[in-house]
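Reader: Before accepting any label, I would like to see the rule behind it. Could we go through the terms one at a time?

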Amino acid sequence: MAWLRAGTGVAKLAVRRNLSQAYSYVARSHIIPSQNRYLHNTVFKSKAQAAPVPRPVPLSRLTDNFLDGTSSVYLEELQRAWEADPNSVDESWDNFFRNFVGQTATSPGVSGQTIQESMRLLLLVRAYQVNGHMKAKLDPLDLEERQIPEDLNPELYGFTEADLDREFFLGVLTMSGFLSENRPMQTLRNILTRLEQAYCGSIGYEYMHIPDHDKCNWLRERIETPTPMEYNQERRKVMLDRLIWSTQFENFLATKWTTAKRFGLEGCETLIPGMKEMFDRLAYLGVESIVIGMPHRGRLNVLGNVVRKPLRQIFSEFSGGMKRTDEVGLYTGTGDVKYHLGTSYDRPTRGGKRIHLSLVANPSHLEAVDPVVLGKTRAKQYYCNDLDRSKNIAVLIHGDGSFAGQGVVYETLHLSALPNYTTGGTIHIVVNNQVAFTTDPRSGRSSQYCTDVAKALNAPILHVNGDDLEAVVHACELAAEWRQTFHSDVVVDIVCYRRFGHNEIDEPSFTQPKMYQVIRSHPSALEMYKKKLLESGQMAEEVIDEIHKKVNSILNEEFEASKDYVPQRRDWLSAYWAGFKSPEQLSRIRNTGVKPEILKNIGKAISTLPEDFRPHRAVKKVYDLRAQMIETEEGIDWALGEALALATLLVEGNHVRLSGQDVERGTFSHRHAVLHDQDTGGKYCPLDHVMMNQNEEMFTVSNR
């Protein structure tokens, strides 16, 4: 892509400068009024007012109206060299001339396509790839007025209404999507229509900030498909069933406990079918265990409908809270409010597989659970010998305000690629209420999106309208495929709303009166999806009513069963650990001593360095002193005592992990767990060599 890198900057500046003089076009940038957001935004002038159609010009007659003089001369020289010998130019230029010059000469369907038009069309496609999300229909309330970038106006590139039905060829070596070589010639009208469908629909894609060519191509292949995304009738029935469960669950709780705080999911009910479809896809791709972390909002719905916590247990907690039992032998706490609790479950998937789900308990600090989830996932990967980190993954659910505003989010994001912290990629789902408790986005962050912090990791960001069920499902499935393909973070930003206040007894109109005027009359995602299915004739009303009756019947049965439910003290745990004993079954003081001969052997192993390793002379002195302490059994200091304690844990088969600020060397230069060769810079950790053939991850020490 040398020609694109060389020409894009010059071409884009020249287009803006010269085409504004040579052609007349509608205002470059404008705000789409809320009532017109769903209309095609490309407006051409009438023929009477249209600018003259540019005549096709051969490359040898290029003027400075498109590129500056230096660039046109350079192109001319390249063309002459290519005509004399195609092998004399770079492969990318050979492809360029072969496609565009050759196609223009030999294909009657290309209506005089010139080099200038080809370059302009490439820039137009790239503009949609970079900025199409700014025109996407993301806000279900249609309140946000966003400025549409001028780059998305075809007239900026010299195209007029007369060009709409002309056929153009697009094809670039090593590119995918619209620019792939195997795409047929298309009219400009068709190209613009597919660009609008792909980038300006219910999903806004941000991925062009990723500096990896293969990753961008992978996304283009899935975004720039020849036809829009479609689901068959069977899939739509499954998605409808899951959306009805999500919606009816919240309605049922609201009816039975009208004044209870539950932090319901109303306004983002599509999260539940989105997560379930994502987990089905992950299971198909080989995932066996998912650790989930999330804040209050929607937790009860996720517990009941995704992780499958028994509904009778949830209803029992609403009626009477946690009750004491006489069960013995479990290490448990006293419990917590119901929207802080976690649980675990082995869930069957739609594809016939099983997947273990674990929702971690979370305190009121919304994002405090993030590093805990990653730590638990990393531990699972270690104990399951999941070397490629493809069987155990983490899914974190965030609020829009906390994702942009809480430091622990950014800190956790930056753990993602560190060798001693990575979990092979986390899927982040943002439940974007467009308001953080009572704070409007314009008062809570400086960036366009709450997810902009994730761009620091080169993570793709999928913004999706929370009212469009099928778009949410598609974004969640795409995120699952990305994680399993590239083992890196990905973000799904579900732009939705909060039908009630921060909780059900809060009054949101105190601070967002205009927003809640719209919300009161806004139909639910379920109502909108049912209407779509009925109007398209894809599902009969009797089928939909049957699903409603089934769900309501089960909810009422579980409610009756909750009256006699006897909770177990293990219920509050996110996972019940077999063999995990309570203090009642273990003495509080245990004999932790080790035989002297074992200590001596271990001490020699951790104080001996390889002969070809050259540590700093001061560190060498420290280790010589340690060897002397082991030999004489006298003068053992705190640093050696700690090293011996860690080594004995390793010998007993325990996985030991040290993490924190300066833990490798020690704040006061006392630990020196990791040594650095003064000649090569290589590292050596004595505690990695306590036993023969020791697993390299059995002992981990890492600075933070």
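The exchange below sets computed values against the definitions of the terms used.

Author: This is a predicted model, in which local features need pLDDT of at least 70 and side-chain atom pairs count only at pLDDT 80 or more, while totals for chains, interfaces and linings use all residues. Residues are numbered from 1 along each chain as its sequence is written, and side-chain values use heavy atoms, with hydrogens and water left out.

Reader: Why is the contact between Arg242 and Asp280 called a salt bridge?

Author: The term requires a side-chain nitrogen of Lys or Arg within 4 Å of a carboxyl oxygen of Asp or Glu. The N to O distance between the side chains of Arg242 and Asp280 is 3.0 Å, so the pair meets the rule. Arg242 lies in helix H7 (residues 233-256) and Asp280 in helix H8 (residues 271-284), so the salt bridge ties together parts that are 38 residues apart in sequence. Helices here are DSSP runs of H or I with at least four residues, and strands are runs of E with at least two, both numbered from the N terminus.

Reader: What makes Arg242 buried rather than exposed?

Author: Buried means under 20% relative accessible area, exposed means over 50%, and partly exposed lies in between (1.4 Å probe, protein chains only). Arg242 has a relative accessible area of 8% and is therefore buried, and Asp280, at 7%, is buried as well.

Reader: How do you know which of Arg222 and Glu481, joined in a salt bridge, is buried?

Author: Their side chains meet at 3.7 Å, N to O, and the pair links distant parts of the chain, with Arg222 in helix H6 (residues 213-223) and Glu481 in helix H15, 259 residues apart. Glu481 has a relative accessible area of 18% and is therefore buried, whereas Arg222, at 29%, is partly exposed.

Reader: Why are Lys309 and Glu317 said to form a salt bridge, and how are these residues classed, buried or exposed?

Author: Their closest N and O atoms are 3.0 Å apart. Lys309 has 2% relative accessibility and so counts as buried, and Glu317, at 9%, is likewise buried.

Reader: How many salt bridges does the rule give?

Author: The count comes to 32. Arg235, Arg242, Glu277, Asp280, Arg347, Arg350 and Glu477 are linked in a network of salt bridges.
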